[in-house]
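Biologist: I would like a close look at a single part of this protein. Please pick one sheet and the helices that pack on it, and take me through them step by step.

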Amino acid sequence: MAKETTPSFVLTLEMETNPSIISRIESDLEVSRVIYNSCLGELVKREKQMKRTKKYKKIRRCLRAVSKKLSYYETQENKEKMTFYQAEKNQLISELFDIQKQFHLSEYSMHEYLKPIRKHFGDTLNADIAQKIATRAWNTVKKKLKGEAKNVKFLKRREMVSFEGKKNSTGWFYRTKQIIFGESKIDVKIKENDGYIQEALSAIESNLEFEYKTKKGERKNVSHKVKYVRVLKRVIRGNVRYYAQLTVQGFPPVKRKKDGSFKHQLGTGRVGGDLGTSSIAVVGENEVLLTNLAENVMNQSRRIRLIQRKMDHSKRAMNPNYFNENGTIKKGKKTWIFSKRYMKLKSELKELHRKQADSRKQSHNILSNKLLTLGDEHYWEEMNIKGLQKRSKNTEMSEKTGKFKRKKRFGKSIGHRAPAMFLSILERKVKTNGGTFKKVNTQTFKASQYDHKENNYKKKELKERWHIFDDGTKIQRDLYSAFLLQNSNKVGTKANKRLCEKTFEAFKTLHDKEIEQIEKQETFVLNSGIRLKSKKAIVAT
């Protein structure tokens with residue numbers, strides 16, 4: 001039976017370090033890297049041995065055939081056949097797990113495997129930390145076994161940047177504004193005016209009780225406490241800094257204003273949201289919003305692209321024999337030579353990526369705080385982000401140019417805007433503040449195809465950005481999808497037609513006001529279909 005989890009949040013505190021402490025952290029990081037690579041290598045070796053067996057190959061063939069049959073009968077809606085083949089599939093998966101056990105492909109087998117490695121280093125690394133590193137290696141290989149990853153990556157020297165324990169009593173642990181390991185005590189930096197950290201630490205020190213709801217629906221009372229400590233190494237503006245991340249049992253403190261009132265209060269009412277790869281449409285009972293996601297990250301993307309180009313030129317100049325005449329890299333093992341200029345550009349690129357990530361997260365937090373005020377009952381589409389990142393399989397030719405269409409899809413946009421990250425931040429904030437968050441299945445709901453007036457579905461092309469009713473009324477497509485999601489039935493399978501008809505006029509007024517404001521301010525919203533009069537339009541922030 002899976003262990004019951006309690007709500008948690010992470011509190012990041014910078015540590016007051018000295019040469020002795022830095023030396024110990026770096027030593028533990030290096031030992032952790034060796035253990036990780038050793039466990040990873042052993043797991044890959046066992047996986048190869050397992051895949052060479054006839055039994056494994058036979059089960060994989062049967063599993064592919066059964067999965068194909070199951071998907072066929074799902075389209076035919078033949079429940080009897082679906083039940084039969086689903087049972088067959090479950091049996092084959094069970095046999096697959098049995099083979100994995102025979103070849104010791106498991107998390108706990110790695111815990112046994114690492115004991116002599118840890119002993120080789122004089123047991124300097126805490127046992128719980130070593131086991132967590134082995135678990136990290138197992139989770140990496142597990143993704144490969146599931147087909148979620150093609151290869152595993154071994155860490156080079158100095159690439160391991162964190163390690164963590166299992167409990168707050170051994171190894172590196174927290175006690176009264178200090179991180180302790182062995183006989184050493186490290187103070188953490190706390191700003192006097194940082195009310196959030198002060199409140200969080202106060203809850204930990206006083207063992208403040210809180211109530212939460214279990215998955216079974218039971219109400220439980222437990223105290224705030226530190227579950228375990230993660231030691232993290234970061235490079236910021238060229239300087240190495242060390243942090244302690246406390247994983248705290250409980251809910252994070254709610255940010256307050258100077259007068260003590262809540263900074264971001266949860267509104268009341270239904271909210272529907274349509275999340276795209278670059279933009280977002282939200283409909284509340286008193287406000288609608290159409291804007292871009294994480295617009296500030298684009299300020300860094302151009303600089304990143306220019307530095308990557310300079311790095312490529314430097315790499316080619318230093319290693320001319322490793323490239324073909326057409327510019328592609330030659331096959332075979334190589335020993336690359338990098339100039340000092342290249343290494344300087346590499347550190348600049350790393351810093352820009354860090355700034356871009358921080359800017360993206362800050363933008364997502366600001367937008368999610370704004371959406372909290374719109375309502376407490378949220379309905380959002382569940383996007384398949386992984387599917388949108390993949391290249392298209394079909395080879396198509398453009399009718400206009402006669403050339404082959406690019407197979408690239410939305411990988412770059414998703415990498416810049418991180419829509420899934422935004423949705424997870426919003427979900428956490430809504431639930432923490434006592435609201436409800438429902439993810440609607442895109443395939444069953446079909447928000448972009450439904451017409452509530454005609455009560456039918458009509459498929460639209462991606463380039464069609466407006467929904468036009470029979471009476472000529474035009475509604476922006478993403479906002480209309482968000483409106484339908486707002487008026488979802490309780491199960492979240494389709495829009496409630498009666499509720500749509502009741503609230504449409506109020507939505508239409510708010511919709512027209514939002515479109516008028518976008519046109520007036522000349523704010524360019526990506527993929528919205530809104531044409532601006534001026535060519536010098538400002539980008540939405």
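Modeller: What follows is a walk around one sheet, its helices and a few places beyond.

This is a predicted model, in which local features need pLDDT of at least 70, side-chain atom pairs count only at pLDDT 80 or more, and totals for chains, interfaces and linings use all residues. Residues are numbered from 1 along each chain as its sequence is written, and side-chain values use heavy atoms, with hydrogens and water left out.

Start with the whole chain. The protein chain has 541 residues, and 40% of them count as buried. Buried means under 20% relative accessible area, exposed means over 50%, and partly exposed lies in between (1.4 Å probe, protein chains only). The chain holds 15 helices and 20 strands. Both are DSSP runs numbered from the N terminus: helices are H or I with at least four residues, strands are E with at least two. The C-alpha trace spans about 80 × 65 × 60 Å along its principal axes.

Now the sheet. It is open, has five strands, and runs in the order β12-β11-β10-β13-β14 with mixed pairing. Two strands pair if DSSP finds at least two bridges between them. β12 (288-292) and β14 (436-441) stand at the edges with a single partner strand each, so one side of each has no neighbour in the sheet. On average, neighbouring strands are turned by 20° against each other, direction ignored. Look at one pair. Strand β11 (residues 279-283) pairs with β12 in the antiparallel sense, over five bridges. Serine 279 stands opposite asparagine 292 in β12.

Next come the helices. α14 packs on the sheet and touches β10 (270-275), β11, β12, β13 (377-382) and β14. Its direction makes about 140° with that of β10. α15 also packs on the sheet, touching β10, β11 and β12, and its direction makes about 45° with that of β12. Contact means heavy atoms within 4.5 Å. Axes are lines fitted to C-alpha atoms, for helices over the stretch in contact, and angles run from 0 to 180 degrees between N-to-C directions.

These two helices also pack on each other. Helix α14 covers residues 477-486 and helix α15 covers residues 497-521. They pack at an angle of about 145°, with their axes 11 Å apart. The crossing of α14 and α15 is right-handed. That word applies if the near helix is turned clockwise from the far one by less than a right angle; anticlockwise makes a crossing left-handed.

Which residues in α14 and α15 meet? From α14 come Leu479, Tyr480, Phe483 and Leu484. From α15 come Cys500, Thr503, Phe504, Phe507, His511 and Ile515. By class, this contact has eight nonpolar, two polar and no charged residues. Here Ala, Val, Leu, Ile, Met, Phe, Trp, Tyr, Cys and Pro count as nonpolar, Asp, Glu, Lys and Arg as charged, and the others, Gly among them, as polar.

Zoom in on one residue. Leucine 485 lies in helix α14. Is leucine 485 buried or exposed? Leucine 485 is buried, because its relative accessible area is 0%. Leaving out residues up to four places away in sequence, leucine 485 touches Gly272, Gly273, Asp274, Tyr379, Glu381, Val440, Phe445 and Ala447. Leucine 485 and lysine 439 are 46 residues apart in sequence, yet 9.8 Å apart in space, C-alpha to C-alpha.

Now step back to the cores. A nonpolar core is a set of buried Ala, Val, Leu, Ile, Met, Phe, Trp, Tyr and Cys residues joined through side-chain atoms within 4.5 Å. The largest one has 59 residues. Among its members, Leu11, Met15, Ile25, Ile35, Trp172, Ile179 and Leu246 touch the most others. Helix α1 (residues 19-51) gives the largest share of this core, eleven residues. A second, separate core of 26 residues includes Val288, Tyr379, Ala482 and Leu484.

Finish with a hairpin. Strand β4 (residues 178-181) and strand β5 (residues 184-187) run antiparallel, joined by four bridges. Phenylalanine 181 has serine 184 in β5 as its bridge partner. Two residues lie between the strands of this hairpin, where glycine 182 takes a positive phi near 60°.
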